[in-house]
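Biologist: I would like a close look at a single part of this protein. Please pick one helix, describe what surrounds it, and then set it in the context of the whole chain.

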Amino acid sequence: MNKKIGFIGCGNMGRAMLGALMKSKQIETDSIMASVRTESSLRELREKWPIRTTMNNLEVAKQSDIIILAVNPAQYETVIKEIREVITSDQIIVSIAAGITLGQMQDWIGKSSKIIKTMPNTPVLVQEGMTAICANEHVHGSELEMMSRYFRLFGEVEVMEENQFDAFIALCGSSPAYIFMMIEAMADGAVKLGIPRKQAIRMAEQTILGSAKLAMETGIHPAELKDMVCSPGGATIAAVSELEDRGFRSAVIHAMDVCADQSKKMNEEL
């Protein structure tokens, strides 16, 4: 991993990715450059990491092999048109924004370029993210694999078709919110039953973390793992029956449908 990586913009996701790159120690700090809009952000970056920083997007575009656009989706067109004159056919342009298509980026650049679209979710903040990735026809297979290796520094990666990204957003992009709601609901239930809130939240978090790890490491189907917890006539099957009566699984599936539909609408509006 000896490519020069440039970040244009450095919000929460950009900082999470930068932090993971630094922790990996697989990339020289002088091979990383980031541009920000304000002096205060510039000072903050310089104090946090020994990377090259600037307030000039063109500097990043000129000096990077991989350009990661870590700005708000509404700023993509403006930023791309600002840097497109210095973009070369050898550089890889990476989107991490929802709603921006490969075709839009190609149109804004106005020439044949290597473009990769990614969709990381918020657990990249703790290097446990799930990222979808796809590329346009100008990106070679080896280059897509190289970018997948970079994103594995932040968690897991799946190469997908661009038309699957709305479904991915429903499954992985938005679902951390569903999980956080479940943690909160579990903690509320525990508080009602007499457990102090701070303790209840910690135990709920660990239970969800452990359950996910058990499913991943054993490879056992979730339905079978559920059955293993449900003793005949026991408390767990009573709780599962109550969740079924209240539409737990259908509510989750319906929420994902609504999420994917909304994602499509947002894409059309951009």
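Modeller: What follows takes one helix first, then the cysteines, one loop residue and the chain overall.

This is a predicted model, in which local features need pLDDT of at least 70 and side-chain atom pairs count only at pLDDT 80 or more, while totals for chains, interfaces and linings use all residues. Residues are numbered from 1 along each chain as its sequence is written, and side-chain values use heavy atoms, with hydrogens and water left out.

The helix is H1, residues 12–24. Helices here are DSSP runs of H or I with at least four residues, strands are runs of E with at least two, and both are numbered from the N terminus. The expected span of a helix is 1.5 Å times one less than its number of residues. For the 13 residues of H1 that gives 18 Å, and the end C-alpha atoms are 18 Å apart, so the two agree.

The buried residues of H1 (under 20% relative accessible area, with a 1.4 Å probe and protein chains only) are Gly 14, Arg 15, Ala 16, Met 17, Leu 18, Gly 19, Ala 20, Leu 21 and Met 22. Their cover, counted by contact (heavy atoms within 4.5 Å), includes strands S1 (5–8), S2 (32–35) and S4 (66–69), together with helices H2 (39–48) and H6 (141–151). After H1 comes Lys 25, which has a positive phi, near 55°.

Next, the cysteines. Cys 10 is buried because its relative accessibility is 9%. Cys 134 also counts as buried, at 5%. With a disulfide taken as a pair of cysteine sulfur atoms within 2.5 Å, the model has zero disulfides. Cys 134 is in none, and the nearest cysteine sulfur to its own, that of Cys 172, is 15 Å away.

Ser 112 sits in the loop between helix H5 (102–109) and strand S6 (114–120). Apart from neighbours within four places in sequence, Ser 112 is in contact with Gln 106 and His 138. Its C-alpha atom is 26 Å from that of Val 157, a residue 45 places away along the chain.

As for the whole, the protein chain has twelve helices and eight strands. Its C-alpha atoms fill a box of roughly 70 × 40 × 30 Å along the principal axes. Of its 270 residues, 40% are buried. Among contacts between residues at least 6 apart in sequence, 62% join residues at least 24 apart.

Notes: Buried < 20%, exposed > 50% of the residue type's maximum accessible area, 1.4 Å probe, protein only.
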